[in-house]
Amino acid sequence: MNHDTPRPHASASSTAAAPSVPRPLRHLARDGRRRVLTAAQLRSHGVSAAETDGQCRPGGPWQQLLPGVFALHPGPPTSEERLHAVLLYAAREAKAAAGVPAQPDAGGPHRPGYREAVITGLAALTLHGLSSAPPLPSLDRIAVLVPRQRRLRSAGFAHIVRTAELPAPEQVTGVPVAPVPRALADAVAELTDPNLVRRLLSDAVRGGHCEPVAVVRELNDAELLGRPHVVDAVDALLAEGRSIAEERLYRMVTEYGLPDPVWNVDLRLPGGPHLGGLDAYWPEQAVAVELDTRAPRQDEDAMWSEYARKREVLERLGITVVHITPKKLRDAREQQAAVVRTALMAAGDRDPAAYVVVLPR
């Protein structure tokens, strides 16, 4: 009897039953966010390119979502998986260029590290909670910001947007997202529907996500203010932003018990020139409040010069002018109320102001 002859089927059967996917990947696949990995991350688990291709064959258990990015399941990717796939696609070359290996656990068990990649555009606005932004599943493409020097092309549902300087991202559900003003500019750059542009800008301001001045600055930096439908939307935005700021100013006066001023007035010297308009004025104390709602366009310096000139003229006449920005009214209303109260209380220690005529504006 030949004792060297192997048992006929036991070993072969065990080999056939052995899983083709390494055990650690089965563990990772149970974490929804970890069901999307790059080729480099798969290699770190001992999965070769050939094995990955085999898993992604038609009808196989995996699928390729983007070049070099794979889902460890066959069904349609979730919105979260699409977001992470785009970030992994945009970040993979940056890691390799920096000599940083793309490890599956980079960034912690629930926060993958995404080097130099930030979600922007409509997807970012949806993540920020703008009601007028479309739902993530309806987006054919997801925009992602990368440094300008990166040699990376858009592919599939990943839309690459290059920038000279990446904005500081905000973390939304574990995803690095561009701030609302920058996301708006990147979205508007791709949109031709004037109604959607207007709704997005209005939603961002009315919803308290940002101030009009920040939106206009980003649109100006992106050279989008030459487009007629964008200019129209910006004009409407600035008008709405001023209305919101005026309402905040009114609430500040009432909530913090300041004396009632006269609202929205023009000042003139008796028989003399027009001195300028003011948002609130206390005639007895000669204290004025002016909302600084300048938009950062090409004529910003000229507008600031006009603000400064009016303030100088009024203060020469003994009128104290308090400039308040809409952002301060939103974020530090109590502090701004204290500034106005101090100016009103100090009125008795100043020389009487020149007589001016107060007219409704």
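**Strand pairing and a buried histidine**

Good morning. Ala288 stands opposite Val321 in β12. I begin with that pair as a way into the sheet around it, and I should say at once that we are looking at a predicted model.

Ala288 and Val321 face each other where strand β11, residues 287-291, pairs with β12 in the parallel sense over five bridges. As a general reminder, strands of a sheet pair through backbone hydrogen bonds, either parallel or antiparallel. In which order do the five strands of this open sheet lie? The order is β12-β11-β10-β9-β13, and the pairing is mixed. At the edges are β12, residues 320-324, and β13, residues 357-360, each of which pairs on one side only. From one strand to the next, the twist averages 45°.

A helix accompanies this sheet. Helix α13, residues 333-345, lies across β10 (274-282), β11 and β12. Relative to β12, the helix runs at about 180°.

I turn now to another pair of strands. Strand β5, residues 142-147, and β6 run parallel and are joined by six bridges. Within this pairing, Val144 has Ile160 of β6 opposite. Why can we call strand β6 largely enclosed by the rest of the structure? The reason is that five of its six residues, 158-163, are buried.

One residue of β6 merits a closer look, namely His159. Is His159 buried or exposed? With a relative accessible area of 13%, His159 is buried, because the cut-off for that term is under 20%.

What surrounds this histidine? Leaving aside neighbours within four places in sequence, His159 is in contact with Arg141, Ile142, Ala143, Val144, Ser154 and Glu190. Val144 is thus named twice today: as a contact of His159 and as the residue opposite Ile160. With Ser154, the contact includes a polar one between the two side chains, at 3.5 Å. As for Arg141, its C-alpha atom is separated from that of His159 by 6.0 Å, although the two residues are 18 apart along the chain.

Finally, a hairpin. Strand β2, residues 63-66, and strand β3, residues 69-71, run antiparallel, and three bridges join them. Gln63 has Ala71 in β3 as its bridge partner. How many residues lie between the strands of this hairpin? There are two, and Gly68 takes a positive phi near 75°.

To close, I would draw attention again to His159, a buried residue in strand β6, whose side chain makes a polar contact with that of Ser154. Thank you.

Conventions. Residues are numbered from 1 along each chain as its sequence is written. This is a predicted model: local features need pLDDT of at least 70, side-chain atom pairs count only at pLDDT 80 or more; totals for chains, interfaces and linings use all residues. Side-chain values use heavy atoms; hydrogens and water are left out. Buried means under 20% relative accessible area, exposed over 50%, partly exposed in between (1.4 Å probe, protein chains only). Helices (H or I, at least four residues) and strands (E, at least two) are DSSP runs, numbered from the N terminus. Two strands pair if DSSP finds at least two bridges between them. Contact means heavy atoms within 4.5 Å. A polar contact is a pair of N or O atoms within 3.5 Å; within protein, one must be able to donate a hydrogen and the other to accept it, and residues adjacent in sequence count only if both atoms are side-chain atoms. Axes are lines fitted to C-alpha atoms, for helices over the stretch in contact, and angles run from 0 to 180 degrees between N-to-C directions.
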